[in-house]
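Me: Could you take a close look at one part of this model for me, the contact between the two chains? I'd be glad of a walk through it, with a helix as a side trip if there is room.

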There are 2 protein chains.
Amino acid sequence: MLDTLGIALIGCGTVGGGVADVLLRHGDRLAARAGRSLALRRVVVRDPAKLRDVPVPADIVSTDHAAAIHDPAVHVVVELMGGTTTAKKVVLDALAAGKHVVTANKALLAEAGHEIFEAARRAERAVCFEAAVAGGVPIIRALGESLAANQVTAIQGILNGTSNFILTAMAERGMTYAAALAEAQRLGYAEADPTLDVDGSDAAHKLAILAQIAFGVTAKPTDISRQGIDTLDAMDIRFADELGYTIKLLAEAWTSGTRNAEPGVRNEKQPDSSGSALRTPHSALGVALHVAPVLLRHTDLLAQVRGAYNAVLVRGDVVGETLYQGPGAGRGPTASSVLADLIDLAVGRAQRTFAAAQLWSKASKGFAIEPPERVRSRFYLRLLVADKPGVLADVTRILADEQISISSVVQHEAAESGGSPVPLVIVTHAAETGRFKLALAKINRLATAAAPAVFFSMGD
Amino acid sequence: MLDTLGIALIGCGTVGGGVADVLLRHGDRLAARAGRSLALRRVVVRDPAKLRDVPVPADIVSTDHAAAIHDPAVHVVVELMGGTTTAKKVVLDALAAGKHVVTANKALLAEAGHEIFEAARRAERAVCFEAAVAGGVPIIRALGESLAANQVTAIQGILNGTSNFILTAMAERGMTYAAALAEAQRLGYAEADPTLDVDGSDAAHKLAILAQIAFGVTAKPTDISRQGIDTLDAMDIRFADELGYTIKLLAEAWTSGTRNAEPGVRNEKQPDSSGSALRTPHSALGVALHVAPVLLRHTDLLAQVRGAYNAVLVRGDVVGETLYQGPGAGRGPTASSVLADLIDLAVGRAQRTFAAAQLWSKASKGFAIEPPERVRSRFYLRLLVADKPGVLADVTRILADEQISISSVVQHEAAESGGSPVPLVIVTHAAETGRFKLALAKINRLATAAAPAVFFSMGD
């Protein structure tokens with residue numbers, strides 16, 4: 001049996017408490033799986049008095065990061081404090097001190113992945129981060145190891161459980177966004193300030209990490225076009241449902257010609273102008289990235305992911321489509337992923353994976369991020385227009401002028417009689433996002449437009 | 001860069017051809033992922049003239065296993081020939097010659113896992129088998145690595161795509177078993193002789209492998225109670241649907257008190273006689289194993305897996321429930337998993353995983369296989385009975401005598417009028433399988449029983 005692996009836990013809140021709990025209660029199990037003991041040597045928290053949840057021995061608790069990092073009995077530093085300032089310093093200091101790092105901090109990796117991974121390579125230490133994306137769902141291992149023989153061509157993820165909980169409540173129980181958010185907050189699925197969850201920021205951080213693994217692209221926050229669910233109107237969920245679609249907040253990355261194409265079936269390089277046209281990045285080696293509410297057919301696997309669950313659909317050129325689903329947050333699920341990383345370090349797998357993967361390095365996989373305006377997609381467009389002759393003619397003329405052809409039109413009756421605006425829903429064939437937005441601006445300037453047009457990407 | 005990893009492929013049919021194709025066409029990609037080159041050195045087939053599918057260089061093709069195995073430029077032997085006689089010899093010879101082994105052969109591992117893994121440990125070589133269970137779905141890595149911090153408490157798998165394709169056609173299109181099987185054969189989802197797929201044997205082999213990883217139990221074929229779909233009547237799919245259930249052929253393993261229990265919610269140690277009673281193995285450390293058609297609620301994740309897909313739901317004591325879904329067979333999916341194992345060997349991960357896992361070893365995880373008759377379950381029971389007074393009283397009296405209480409009863413009207421037998425559906429609360437079968441024998445002896453009773457396990 002190898003020497004004990006010594007662990008310092010920086011941050012011991014919900015997730016850290018879960019990690020400490022399993023380390024302390026199931027040491028025998030972990031040792032059997034790892035072939036050596038895993039010992040919790042240090043726990044660093046801001047306020048030791050608040051550490052009530054888990055019976056961590058008092059003599060290993062402190063407020064001193066540096067002492068924990070430099071303790072020679074510590075081999076791995078687990079960063080679970082969150083934030084990107086002190087956390088970054090802790091991670092870089094740990095690597096400089098020759099310690100491996102495990103972190104669940106998606107914002108930190110999305111913002112400073114390059115700097116952190118270069119530091120780890122210099123120090124010949126590993127950084128592990130299974131818990132940073134999709135909680136208990138092992139999507140990092142799936143992309144980096146299980147699917148390693150594939151070139152990934154598309155990733156579609158439900159990566160924010162809060163948003164999916166809200167969307168499920170709106171779709172299945174006809175709730176408004178505000179009511180669904182209030183329920184999510186009451187049940188602990190949403191924070192008091194839910195902004196980063198519902199505006200797509202959290203999902204974008206996670207997508208940046210997945211895109212790095214699958215395509216080798218380093219996406220800055222501004223590279224990922226981002227639309228949240230915070231302005232979603234219940235009316236659009238109803239209209240989508242009538243058309244056979246479910247609206248999900250998706251984090252997506254896809255390569256040229258592969259958007260929702262079944263391998264060998266609809267895998268056209270060019271969008272099909274006659275029917276099921278595809279969202280397509282412009283250049284041959286472009287990767288389109290976005291976080292947005294997307295209309296998925298009711299029968300799509302991801303359309304059936306309900307509540308606070310996370311799920312990721314990955315399309316690879318050898319395997320086809322595989323799906324990974326599970327709890328995306330919370331004490332147990334996130335702790336499970338942190339502990340899997342610790343076992344991998346103890347076994348010696350993680351070090352080899354880290355060295356082989358060369359993440360956030362200069363080594364390019366040949367992909368570039370497609371400018372958002374060049375990405376092709378079908379669109380759902382919903383207008384509120386005056387109930388007057390000629391409105392549909394005006395709107396369709398503007399779309400035609402931008403070479404955008406129409407797949408279907410549904411004009412809904414006004415909710416009230418007597419001159420109030422009526423909803424008009426148009427589904428387009430594939431069009432470049434830039435052109436679509438030009439048309440949108442013109443449509444919004446029509447005298448008959450009663451409110452700014454609402455639009456979403458179609459998943460097919 | 002490390003030395004090239006030399007590969008011998010024994011068997012080059014559908015899957016072997018897929019592996020050779022990727023090795024030959026995407027060598028650069030694989031080398032980048034593995035940090036070293038992967039070279040196809042030898043291909044051994046029964047009839048080299050039949051190797052039309054893939055442009056394998058003629059000078060590496062032969063019919064000579066031994067020459068390939070003993071070639072010093074070969075480091076890994078990939079066994080894709082199938083069967084359990086020559087394949088076993090090839091695997092053992094390869095290990096004795098100091099070669100690692102990758103195999104997709106579930107029957108071989110289920111039958112001779114102990115002997116093969118002991119030989120590998122003696123030779124200090126690794127055996128990798130991601131492709132042996134669920135094709136392109138990385139369930140072996142999920143159980144062995146991603147969920148390594150968990151004690152798995154339940155596995156529910158749709159592990160036979162042929163059966164799931166047939167069941168989907170029967171449920172969604174009202175087809176008979178015979179018609180659905182004929183369609184599966186026409187589309188290439190079923191073999192000319194489909195026996196091993198539809199009688200549960202194939203799924204039982206895969207379940208034996210998963211149970212070894214999750215619970216350390218070595219299940220012989222006779223240890224796994226097995227019921228196929230080959231005698232399934234379309235009538236039972238309809239009745240199940242009316243009750244809110246979908247019938248799926250499941251391969252299941254679960255520990256005491258955990259059958260379909262949400263952690264912390266319905267995790268009773270004893271079955272609940274009032275409502276949603278659980279299937280429970282008898283002893284504290286018992287593991288129940290079976291392959292059987294099971295009634296799943298329409299809303300269960302596995303109930304929504306359609307067509308030839310495979311899916312595995314795993315419940316762990318730390319993570320909760322995670323689901324893995326994808327294509328369970330076929331050239332690309334299975335090749336993807338074989339190649340993932342080859343990359344893991346090239347990186348050096350697989351050797352460490354193999355050493356740490358101690359599969360098919362004497363090292364017990366403390367679980368024993370529960371005798372099938374002691375396993376508790378709820379049951380769906382469907383009779384065809386004479387339309388006479390007193391029949392329901394007779395049946396319910398027999399069940400009561402065995403202490404089996406009834407959850408619901410639906411008596412269906414006869415399809416034809418005039419004395420023809422009527423279907424009677426009874427759903428029970430949890431009961432020991434042995435007792436249920438005693439009652440069943442008595443019911444079948446009733447003068448009013450027009451045909452042997454049909455029964456299935458309930459998933460909740």
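Reply: Happy to! The contact draws on 44 residues of chain A and 45 residues of chain B. Please keep in mind that this is a predicted model.

Let's take the side of chain A that touches chain B. The elements giving two or more residues to that side are α2 (27-34), α6 (139-146), β12 (320-327), α12 (331-347) and α13 (349-357) of chain A. Of these, α12(A) provides the largest share, with nine residues. Sorted by class, this side of chain A holds 21 nonpolar, 15 polar and eight charged residues.

The strands are worth a look too. β12(A) pairs with strand β12 (residues 320-327) of chain B in the antiparallel sense, over three bridges. Within this pairing, A:Tyr324 stands opposite B:Tyr324 of β12(B).

Now for the side trip, to helix α8 (residues 177-186) of chain B. Its buried residues are B:Ala180, B:Leu181 and B:Ala184. These lie on the same side of α8(B), because they cover an arc of only 100° around the axis. That fits a general rule: an α-helix has 3.6 residues a turn, so residues three or four places apart point the same way. The buried residues of α8(B) pack against α7 (161-173) of chain B, while B:Ala178 and B:Arg186 are exposed on the other side of α8(B). After α8(B) comes B:Gly188, with a positive phi near 85°.

Key: Residues are numbered from 1 along each chain as its sequence is written. Chains are lettered from A and ligands numbered from 1 in the order in which they are written. This is a predicted model: local features need pLDDT of at least 70, side-chain atom pairs count only at pLDDT 80 or more; totals for chains, interfaces and linings use all residues. Two residues are in contact if their C-beta atoms, placed from the backbone, lie within 7 Å. Helices (H or I, at least four residues) and strands (E, at least two) are DSSP runs, numbered from the N terminus. Ala, Val, Leu, Ile, Met, Phe, Trp, Tyr, Cys and Pro count as nonpolar, Asp, Glu, Lys and Arg as charged, and the others, Gly among them, as polar. Two strands pair if DSSP finds at least two bridges between them. A residue is buried if 20 or more other C-beta atoms lie within 10 Å of its own, exposed if 12 or fewer, and partly exposed in between; C-beta atoms are placed from the backbone. The arc is that of the directions from the helix axis to the C-beta atoms.
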